[in-house]
Amino acid sequence: MLTPAKKEFIEFMMSADVLRFGDFVTKSGRNTPYFVNTGNYKTGLQSSKLGEFYAAMVKETIGEDFDAMFGPAYKGIPLATSVAGALARTYGIDKPFFFNRKEAKDHGEGGSLVGYKPADGDRIVIIEDVITAGTAIRETLPVLYGAADVKVTDMFISVNRCEVGQTPGKTAVMEVGEEFGIRVHSLIDVRDIHEYLQGQAEYASILPLMESYMEKYCVF
């Protein structure tokens, strides 16, 4: 159901040219009529507002019951930073954050992680943009588990595309939950976007493409 909060977030993404409609190719190689590119957030106000959306979701779902936030390189880095700031500023939840380099540093302290140093037993939450086929999460977890004996219990994303993963009949989000025991929370999903477009005459031509894509790749 498209709530006022979800509608506000969709329009926020569109105003920042983050949610776009056209002809795109996802990381998993699928041709899609819509694309979410959080790399287009580029102002202080946008970053601050985005962090507030995520922070509200974190507060509502798990509160303070975690030790640190991890932002996978590259798009997860500014996301985790803005969410950490919003949590502290709005709710008084001051949690550390960290992220990874694509290539390990071979000088100074070395290593591939920047910021907080995870310790055994830490409960880590991942801050990401979207999940399409689950490719990124499978690349991320070895980095975290290689750093310490941590528990990754929750993941927060902007959009759940609700797309089939590696197993027929199951979305990438379902697979992540079953395979890794990670609960994935999203601000919106593809059905919210579709419902929003139904009320916008200027996007009438996109609706059939969205519906065709959802029929082919989505699982609900």
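This report walks through some local features of a predicted model, from its helix packing to its strands and a pocket.

## Helix α6 and what surrounds it

Let's start with helix α6, which spans residues 190-198. Its buried residues are Val190, Asp192, Ile193, His194, Tyr196 and Leu197. Those buried residues pack against helices and strands alike: α1 (4-15) and α7 (206-217), plus β1 (19-25), β2 (31-36), β8 (151-160) and β9 (183-189).

Ile193 is a good one to click on. Setting aside neighbours within four places in sequence, Ile193 is in contact with Ile10, Leu19, Phe21, Tyr34, Val159, Ile188 and Met210.

## Two nonpolar cores

Ile193 also turns up in the largest nonpolar core, a set of 46 residues. Along with Phe9, Met13, Leu19 and Tyr54, Ile193 is among the residues with the most contacts inside that core. Apart from this core lies another one, of 20 residues, including Phe70, Phe98, Val152 and Ile157. As a general note, nonpolar side chains in soluble globular proteins tend to be buried together.

## The β1–β2 hairpin

Strands β1 and β2 pair in the antiparallel sense, with five bridges. Across that pairing, Phe21 stands opposite Tyr34 of β2, and both Phe21 and Tyr34 are on the contact list of Ile193. Five residues sit between the two strands of the hairpin, where Gly29 takes a positive phi near 90°.

## Strand β6, covered on both faces

Next up is β6, residues 123-127, a mostly covered strand: five of its five residues are buried. On one side you'll find Arg123, Val125 and Ile127, and on the other Ile124 and Ile126, so to speak two covered faces, with each of these residues buried.

What does β6 pair with? β3 runs parallel to β6, and three bridges join them; β8 also pairs with β6 in the parallel sense, over five bridges. In the β3 pairing, Phe70 has Ile126 of β6 as its bridge partner. On the β8 side, Arg123 stands opposite Lys151. Phe70 is also one of the residues of the 20-residue core.

## Backbone oddities

Most residues other than glycine have a negative phi, and most peptide bonds are trans. A few spots here go the other way. Asp17 has a positive phi of about 60° without being a glycine. Asp17 is found in the loop between α1 and β1, and at 38% relative accessibility Asp17 counts as partly exposed.

Cys162 likewise has a positive phi of about 60° and is not a glycine. Cys162 belongs to the loop between β8 and α5 (172-180). Is Cys162 buried or exposed? With a relative accessible area of 3%, Cys162 is buried. As for the peptide bonds, a cis one joins Ala73 and Tyr74, with omega about 0°. Tyr74 has its place in the loop between β3 (68-71) and α3 (76-91).

## Thr132, Arg161 and the pocket

UniProt, in an unreviewed entry, lists Thr132 and Arg161 under "binding site". In the model, Thr132 and Arg161 are part of the lining of the largest pocket.

Arg161 is found in the loop between β8 and α5, the loop that also holds Cys162. Arg161 has a relative accessible area of 2%, which falls under the 20% cut-off, so Arg161 counts as buried. A polar atom of the Arg161 side chain lies 3.4 Å from the backbone oxygen of Tyr34. That takes us back to the hairpin, where Tyr34 of β2 stands opposite Phe21.

Technical notes:
Residues are numbered from 1 along each chain as its sequence is written. This is a predicted model: local features need pLDDT of at least 70, side-chain atom pairs count only at pLDDT 80 or more; totals for chains, interfaces and linings use all residues. Side-chain values use heavy atoms; hydrogens and water are left out. Buried means under 20% relative accessible area, exposed over 50%, partly exposed in between (1.4 Å probe, protein chains only). Helices (H or I, at least four residues) and strands (E, at least two) are DSSP runs, numbered from the N terminus. Contact means heavy atoms within 4.5 Å. Two strands pair if DSSP finds at least two bridges between them. A nonpolar core is a set of buried Ala, Val, Leu, Ile, Met, Phe, Trp, Tyr and Cys residues joined through side-chain atoms within 4.5 Å. UniProt positions are given in the numbering used here, feature names are shortened, and annotations may be inferred rather than shown by experiment. On a 1 Å grid over the protein atoms alone, a cavity is a set of points where a 1.4 Å probe fits but cannot get out, and a pocket is an open set with protein on both sides within 12 Å along at least five of seven lines; lining residues have an atom within 4 Å of a point. A polar contact is a pair of N or O atoms within 3.5 Å; within protein, one must be able to donate a hydrogen and the other to accept it, and residues adjacent in sequence count only if both atoms are side-chain atoms.
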